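Me: I'd like to go through this model with you, a question at a time. Can you show it to me?

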Amino acid sequence: MITRGFTGRNSGGDHSDRIPPGQHLVEHFPVLTAGPTPRVETAEWKFTLKIGPRAVRVWSWSEFNALPKTKMTRDIHCVTTWSKLNTTWEGVTVDDILADAGVECPTDFVLAHCYDGYSSNVPLADLASGRAMVALNYDGQPLPRDHGGPARLLVPHLYFWKSAKWVNGLQFTERDEAGFWEARGYHIYGDPWREQRYTND
Amino acid sequence: MTEGNARSAVWQTCAIAKIIQQTPSIKSFFLRLSEPFAHIAGQHVDVRLTAPDGYVAMRSYSIASSPSASNVIELAIERLPDGEVSPFFHDIAAVDDEIELRGPLGGHFLWPERATAPILLIGAGSGAVPLMAMIRQRHALAQAVPTALLLSSQTQRDVLFADELLSLEMADPTFKLALAITRETPKRATDLARRIDSVMVAEVIAWLPRMPAHVFVCGSNPFVNIAADGALMAGLDAAVIKTERYGG
């Protein structure tokens with residue numbers, strides 16, 4: 001249905017092939033968080049890899065920072081309809097985390113856990129093969145607290161709620177278990193190119 | 001705790017029934033639903049505008065009206081000078097125009113089903129919208145749960161739903177209203193003539209008979225951070241503080 005009198009800004013311009021349907025381009029970096037912004041000191045920071053209930057490896061901040069670092073430049077898409085192009089990140093790929101722990105693929109599904117109790121589920125296939133990382137830097141600087149610092153998950157090809165802020169662990173699960181937003185009306189997978197915003201979209 | 005939205009929310013066409021200028025920058029749009037729904041106070045709808053060339057713009061807007069049998073919902077939309085959708089609503093949209101929306105959406109920022117322990121609401125500007133739905137719901141159900149609203153606005157004229165809030169406070173001893181006015185001197189002696197800070201949050205918490213069991217904060221990201229940090233400093237647990245921040 002055409003809306004009377006609406007022409008729109010069509011902010012994508014030359015980049016319109018990089019803007020998924022229903023999204024609009026922003027230059028700034030909005031912050032959306034469901035609760036207070038946690039304060040996480042790197043001295044106390046820990047990252048835990050679990051298979052089901054069992055912890056198989058725990059890294060301190062310095063141990064984690066000693067893992068191989070990878071840079072990524074990616075477009076990101078938030079379910080609230082903003083998209084931001086060419087964001088630059090540096091961190092440790094999920095492949096390198098699993099390799100350091102000597103873990104391959106115990107199950108097909110992963111839940112990311114966070115310091116604020118947030119969680120999000122992502123299939124292993126979407127985390128592995130260089131598709132995702134635990135990001136420690138954004139735009140050449142340590143990740144700001146508002147954006148999930150000291151560390152957040154980065155899964156840039158899915159809606160950005162999957163890129164869980166203040167991440168402190170990955171847990172392999174037998175089944176695809178809904179995380180925080182996935183249990184509160186948002187899509188279980190969240191592909192922006194298929195507009196998988198809400199449950200059953 | 002899965003709430004709402006078990007089915008996918010379908011798009012529907014609704015007609016603008018009424019438009020009211022609420023403050024210099026905020027208008028209310030009353031939308032007549034073609035497929036009525038019952039929302040939970042705090043939820044939002046997604047609005048979809050389509051240009052003749054097929055370009056689509058979507059935004060989320062909180063519902064200001066309380067859940068009721070009515071098939072009309074109220075959205076209160078602030079005109080953002082650099083916006084794409086809000087200037088359309090303010091400058092072009094007219095009564096009887098048709099708008100596409102879907103909802104109700106959102107399963108976190110929700111008025112509790114059984115509201116018994118005190119509730120603290122903190123908002124700035126149009127962040128009052130989902131909080132107003134909660135206050136209206138509380139009033140409609142004659143709930144006596146002690147509730148305080150701390151609402152920050154630039155001037156007296158920017159206080160969204162001012163008349164309604166003031167008369168609710170007059171009529172209901174269990175509802176407290178604290179207006180923070182940041183750019184002029186407030187009218188009432190009990191109002192606060194400064195920007196939000198942790199002392200202000202503690203003062204408003206002290207108006208409640210007991211520590212709140214639920215805190216809802218809505219506004220810009222910096223405002224929400226100050227409000228939520230103030231609630232934490234006052235001794236509240238992070239788990240009881242729910243926030244909604246303006247998106248991009």
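Me: Where in chain A does Pro150(A) lie?
Reply: This is a predicted model, and in it the peptide bond from Gly149(A) to Pro150(A) is cis, with omega near 15°. As for its place, Pro150(A) sits in the loop between strand E9 (141-142) and strand E10 (152-154) of chain A.

Me: And which peptide bond in chain B is cis, with omega near 0°?
Reply: Look at Pro104(B), which is found in strand E6 of chain B. The cis bond, with omega near 0°, leads into that proline: it runs from Gly103(B) to Pro104(B).

Me: Which residues does Asp46(B) touch, leaving out those up to four places away in sequence?
Reply: Asp46(B) belongs to strand E3 of chain B. With 22 C-beta neighbours inside 10 Å it counts as buried, because the cut-off for that is 20 or more. Its contacts are Met58(B), Ser60(B), Leu101(B), Arg102(B), Gly103(B) and Leu105(B).

Me: Is Asp237(B) buried or exposed?
Reply: Asp237(B) is in the loop between H5 and E11 of chain B. Around it, 12 other C-beta atoms lie within 10 Å, and a residue with 12 or fewer falls in the outer class. So Asp237(B) is exposed.

Me: How far apart in space are Asp237(B) and His214(B), C-alpha to C-alpha?
Reply: In sequence, Asp237(B) and His214(B) are 23 residues apart. Going C-alpha to C-alpha, the distance between them in space is 9.7 Å.

Me: What span is expected for H5(B) at 1.5 Å a residue?
Reply: H5(B) has 13 residues. The expected span is 1.5 Å times one less than the number of residues. From its first C-alpha to its last, H5(B) reaches 18 Å, close to the expected value, which is also 18 Å.

Me: What covers the buried residues of H5(B)?
Reply: The buried residues of this helix are Phe223(B), Val224(B), Asn225(B), Ile226(B), Ala227(B), Ala228(B), Gly230(B) and Ala231(B). Their cover includes strand E7 (119-124), strand E8 (147-153), helix H4 (198-207), strand E10 (214-219) and E11 of chain B.

Me: Why are the buried residues of H4(B) on the same side of the helix?
Reply: The residues in question are Met200(B), Val201(B), Val204(B) and Ile205(B), which are buried. An α-helix has 3.6 residues a turn, so residues three or four places apart point the same way. In H4(B), the buried ones are on the same side because they cover an arc around the axis of only 140°.

Me: Which strand pairs with E5(A) in the antiparallel sense over seven bridges?
Reply: Start with one bridge: in E5(A), the partner of Arg74(A) is Thr87(A). The two strands form a hairpin with four residues between them, and Thr81(A) in the turn has a positive phi of about 90°. The strand that pairs with E5(A) over seven antiparallel bridges is strand E4 (residues 70-77) of chain A.

Me: In E8(A), what is the bridge partner of Trp89(A)?
Reply: E5(A) also pairs with strand E8 (residues 133-138) of chain A, in the antiparallel sense and over five bridges. Within E8(A), the residue bridged to Trp89(A) is Tyr138(A).

Me: In what sense do strand E1 and strand E5 of chain A pair?
Reply: One bridge here joins Leu25(A) to Ser83(A) in E5(A). Strand E1 (residues 24-25) and strand E5 (residues 82-93) of chain A have two bridges, and the sense is parallel.

Me: What is phi of Asp139(A) near?
Reply: Asp139(A) is in the loop between E8 and E9 of chain A. It is exposed, with 12 other C-beta atoms within 10 Å. Its phi is positive, although the residue is other than glycine, and lies near 55°.

Me: How many residues of chain A are in contact with chain B?
Reply: On the chain B side, 44 residues take part. The elements giving two or more residues to that side are strand E3 (44-50), strand E4 (56-62), strand E6 (98-105), helix H5 (221-233) and strand E11 (241-245) of chain B. That side divides into 19 nonpolar, 15 polar and ten charged residues. From chain A, the number in contact is 37.

Me: How far apart are the C-alpha centres of domain 1 and domain 2 of chain B?
Reply: The domain assignment of chain B gives domain 1 (12-105) and domain 2 (119-245). Here 15 residues of domain 1 of chain B are in contact with 14 residues of domain 2 of chain B. The C-alpha centres of these two domains are separated by 24 Å.

Methods: Residues are numbered from 1 along each chain as its sequence is written. Chains are lettered from A and ligands numbered from 1 in the order in which they are written. This is a predicted model: local features need pLDDT of at least 70, side-chain atom pairs count only at pLDDT 80 or more; totals for chains, interfaces and linings use all residues. Two residues are in contact if their C-beta atoms, placed from the backbone, lie within 7 Å. Ala, Val, Leu, Ile, Met, Phe, Trp, Tyr, Cys and Pro count as nonpolar, Asp, Glu, Lys and Arg as charged, and the others, Gly among them, as polar. Domain bounds come from an automatic or database domain assignment. Two strands pair if DSSP finds at least two bridges between them. The arc is that of the directions from the helix axis to the C-beta atoms.
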